Each structure stands twice: as structure tokens, then as C-alpha cells.
Amino acid sequence: MADTAAPEPGAELALYVHWPFCERKCPYCDFNSHETGAVDHRAWLDALLAEIDHYALETAGRRLTSIFFGGGTPSLMDPDTVGAVIARAAAHWPAAPDLEVTLEANPSSAERGRFRAYRDAGVNRLSVGVQSLDDAALRFLGRLHDAEAARAALAAAAAEFERFSFDLIYALPDQTPAAWRAELAEALTLAGEHLSVYQLTIEPGTAFFRDGVEAAPEDPAAEMYEVTQQVLGGAGLAAYEVSNHARPGAESRHNLTYWRGGDYVGVGPGAHGRLTLAGRHWATHQIHDPARWLETAAARGEATAKRRELTGLDRAEELVMTGLRLTNGLAAARLQRLTGAGLLELADGARLAELVDGGFLDWDGVTLRATPAGRLRLNAVLARLLAPELSE
């Protein structure tokens, strides 16, 4: 998918719905997720619908292209809640004929039993949090399912959904490239059109960080990244983004909205949004704490914690940072058109040339792309590329 095919912000819209609850928080997870017991599903539905109503007033007439239920563990949601959210969104915004509705799910037997109900509620794409097909790795990652349950969940997903994806994590301590190659070979026998493959990173605030857990050393991790590109690319699931692989035309439309700098509404605790309104660009962030979010949304009809106008340079920096995640890169003309900023206003010219000469970026005067070597170390490339006043 070429970057030039991306729609202009302001015409289309995606919706992100955050469900923050999990049975148990994984030790590597730094998302806004929380262990909980009983949930008042009626109260949560009312609050989510209220936030959708709130943002719909500002974005009337936009074409809705995707809905994404993320978390947390959205497959702990009542299917009726999911269906009501989808119906309310479709009532406010005219839906694209190929509206993509994704729900993240875990492979436990209880959640697996709800797959058909989610499909009947309007979900048409499932993203399954497998993480590994090895029982020892699953125990290390703190997952509540084993490899057999993961395989059963993928079989159930394939039976109920034409479109499904699943996640894997690599570069675990002591994992070898040979073992990872074997796991990818098995994954391909279970995969449909899409795979998300993430390198383990130890993030501040996680249990792994507090416990001093270390991921695989740099050299084996880099080799495993290369193995990923070889195995999945050779099977027809080429990387279209740093961590995402798909058959042509099967890319996640919702996530492409993020990476291309499109507009999206975020509802639920901690959800982010990006909106173009009357030619001005806004970043929104909902209250992070689930209890405070629920109380506030119930009291005032929305629970926005922050709403900040983005300058042209803010927008341009975001477009560079997300656009370089895509294999197709970022068209400089689109950057200029959307933000008023040229690439060389953002990037230090000498550093750009250095990164091109070093084999980390491709720049033909039209499109800027990260090479495979650049995508492997993209954070470092971006820190080197962007002008000092933007990267500080």
C-alpha cells in the first residue's frame, strides 16, 4: 500500500475503544491494563456510549472506516456491549462498505467460546494474543493459556472469521534464532492473512523491569529479526510495518490510520485520539484511571483529561515518526501538504545524508523510507534524524 493512497485527515475517521481489564496483568505489559473482579457492564457500556456521543458531535459526517476494541482484554467484554458500541458508532457516522471491526482476544477456553457471539455482534476481524507456541515461554511471559489452548483458539478464529491475526513475541532470554525459526514455521501453518511479531522490550513500570529481567542480547535479537523477515516474507506475509506482516491487501486498516496520520476518536480510560477540526489538529487523551474515568464519564458525558492543539511542526514530527514505521515510508509532498513543513525543516540535512550513507534510510527526494537495517533500530535512527529542538 503506497503512502500516496492514504486519505486526507478530516474526511475519514477510525474509532478506538479501550477496555482496561484483564484476568491477570502480564509482566511485560506497559499498557493501561488492570486486574479486576466483577465489572458493572451496564455502567461501562453507558460511559462508552456517552463518550462516543460526545465526539460524534464534533465529527459529524465523517466516514467511519474502522473500529478497534483494544485493552486490556476486550474478549472479557459482554458481546452485547460490543454490539451496542458498534451500533452506536454506525448510527453517528456513515460506515464504509468495508468497515473493519477488530477485537483483541485471549486464547482461554472461556473467551474462545465467545468468538461466535462477537462475530454476531458485528466484529469481522479478530486479533488473538497468542504470544508464543512454546509452553515454557508462555509460563515465562505470565500467560494464563498453554500452547494447546493457543492452537485451539486459532482454529476457532479461523472457523468464525474470514479475517484474523495473532501476536507472537520473540527475543526472550536464552531464545535462539533456530528455535525462533521453528516457531515461525509452525505459526505459518496456523496463520491466516496477518501476523504481528514483536521483539520483547523491558519497559519501565512493568514487573519484568522491576525484577531486572533482561531480553535476549542485541546480536541474537537482531538475527531473530532477520529470520522473521526471511521466513514470513518468503511465505507471502511481507512486513508492511516494523512489527506487522500481511498478505497484500490484508493490512490492518485501523492501524494504518495511526501510522499514516489519519483521524481517530479514542474512548475509554487512557485512550488517545487525533482529530482535525476546522483545519486545526488536536490530540486528546482520556482519563487514565479506570474508576475515575467511569465516574467522570457518567457525571459529565465524557472523560477527557487533556486536549492539546498540535502545531504544524508537532504534526510533522508525528508523521515522520509513524511514517518511517511503514515499509512504504513517507511521501515528502504529503508531509508538506498536511503540515506546511518540509522534510528538511524537521531533519538535519547532514544527519539525513549520514543515515542514508550508513544504510539506515532511503531518500530519493520524493519518499523517505527506513531500510531493513533502519527499521531494526528505528528509535535510534529517529533520534539522530530529527532536528535537536524536536528530539529533545
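# Close-up views of the predicted model

**View 1. In strand β1, Glu 12 stands opposite Arg 63 of strand β4.** What you see here is a predicted model, in which local features need pLDDT of at least 70 and side-chain atom pairs count only at pLDDT 80 or more, while totals for chains, interfaces and linings use all residues. Residues are numbered from 1 along each chain as its sequence is written, and side-chain values use heavy atoms, with hydrogens and water left out. Helices (H or I, at least four residues) and strands (E, at least two) are DSSP runs, numbered from the N terminus. Strands β1 and β4 (residues 63-71) run parallel and are joined by eight bridges; two strands pair if DSSP finds at least two bridges between them. β1 also pairs with strand β11 (residues 264-267), again in the parallel sense, over four bridges. On that side, Ala 14 has Tyr 264 of β11 as its bridge partner.

**View 2. Strand β1 (residues 12-19) is largely enclosed by the rest of the structure, because eight of its eight residues are buried.** Buried means under 20% relative accessible area, exposed means over 50%, and partly exposed lies in between (1.4 Å probe, protein chains only). In a regular strand, side chains alternate between the two faces of the sheet. Both faces of β1 are covered. One side carries Glu 12, Ala 14, Tyr 16 and His 18, and the other carries Leu 13, Leu 15, Val 17 and Trp 19.

**View 3. Leu 15 is among the residues with the most contacts inside the largest nonpolar core.** That core has 69 residues, and Ile 67, Phe 69, Val 82, Trp 93, Leu 126 and Phe 166 share this distinction with Leu 15. A nonpolar core is a set of buried Ala, Val, Leu, Ile, Met, Phe, Trp, Tyr and Cys residues joined through side-chain atoms within 4.5 Å. Helix α1 (residues 41-58) gives the most to this core, with eight residues. Beyond neighbours within four places in sequence, Leu 15 is in contact (heavy atoms within 4.5 Å) with residues including Ile 52, Leu 64, Ile 67, Trp 93, His 254 and Val 265. Another core lies apart from this one; its 22 residues include Ala 316, Ala 347, Leu 382 and Leu 385.

**View 4. In helix α1, Arg 42 and Asp 46 form a salt bridge, with their closest N and O atoms 2.6 Å apart.** A salt bridge is a side-chain nitrogen of Lys or Arg within 4 Å of a carboxyl oxygen of Asp or Glu. These two residues are separated by about one helical turn, because they are four residues apart in α1. Asp 46 counts as partly exposed, at 39% relative accessibility. Among the buried residues of the helix are Trp 44, Leu 45, Leu 48, Leu 49, Ile 52 and Tyr 55. The end C-alpha atoms of α1 are 27 Å apart, which agrees with the 26 Å that its 18 residues should span at 1.5 Å a residue; the expected span of a helix is 1.5 Å times one less than its number of residues.

**View 5. Glu 309 and Arg 280 meet through their side chains in a salt bridge (2.8 Å, N to O).** This pair links distant parts of the chain, with Glu 309 in strand β14 (residues 304-310) and Arg 280 in strand β13 (residues 280-286), 29 residues apart. Glu 309 is partly exposed, with a relative accessible area of 34%, and Arg 280 is partly exposed at 42%. Elsewhere, salt bridges that share partners join Arg 116, Arg 119, Asp 120 and Glu 160 into one network. Within it, the closest N and O atoms of Asp 120 and Arg 119 are 3.2 Å apart. Asp 120 is exposed, at 57% relative accessible area, whereas Arg 119 is partly exposed, at 33%.

**View 6. Asp 30 sits in the loop between β2 (21-22) and β3 (34-35).** With a relative accessible area of 44%, Asp 30 is partly exposed. Leaving aside neighbours within four places in sequence, Asp 30 is in contact with Glu 203 and Thr 206. The C-alpha atoms of Asp 30 and Ala 207 are separated by 9.1 Å, although these residues are 177 residues apart along the chain.

**View 7. Thr 276 belongs to strand β12 (residues 272-277).** At 11% relative accessibility, Thr 276 counts as buried. Apart from neighbours within four places in sequence, the contacts of Thr 276 are Pro 9, Gly 10, Arg 62, Asp 263 and His 281.
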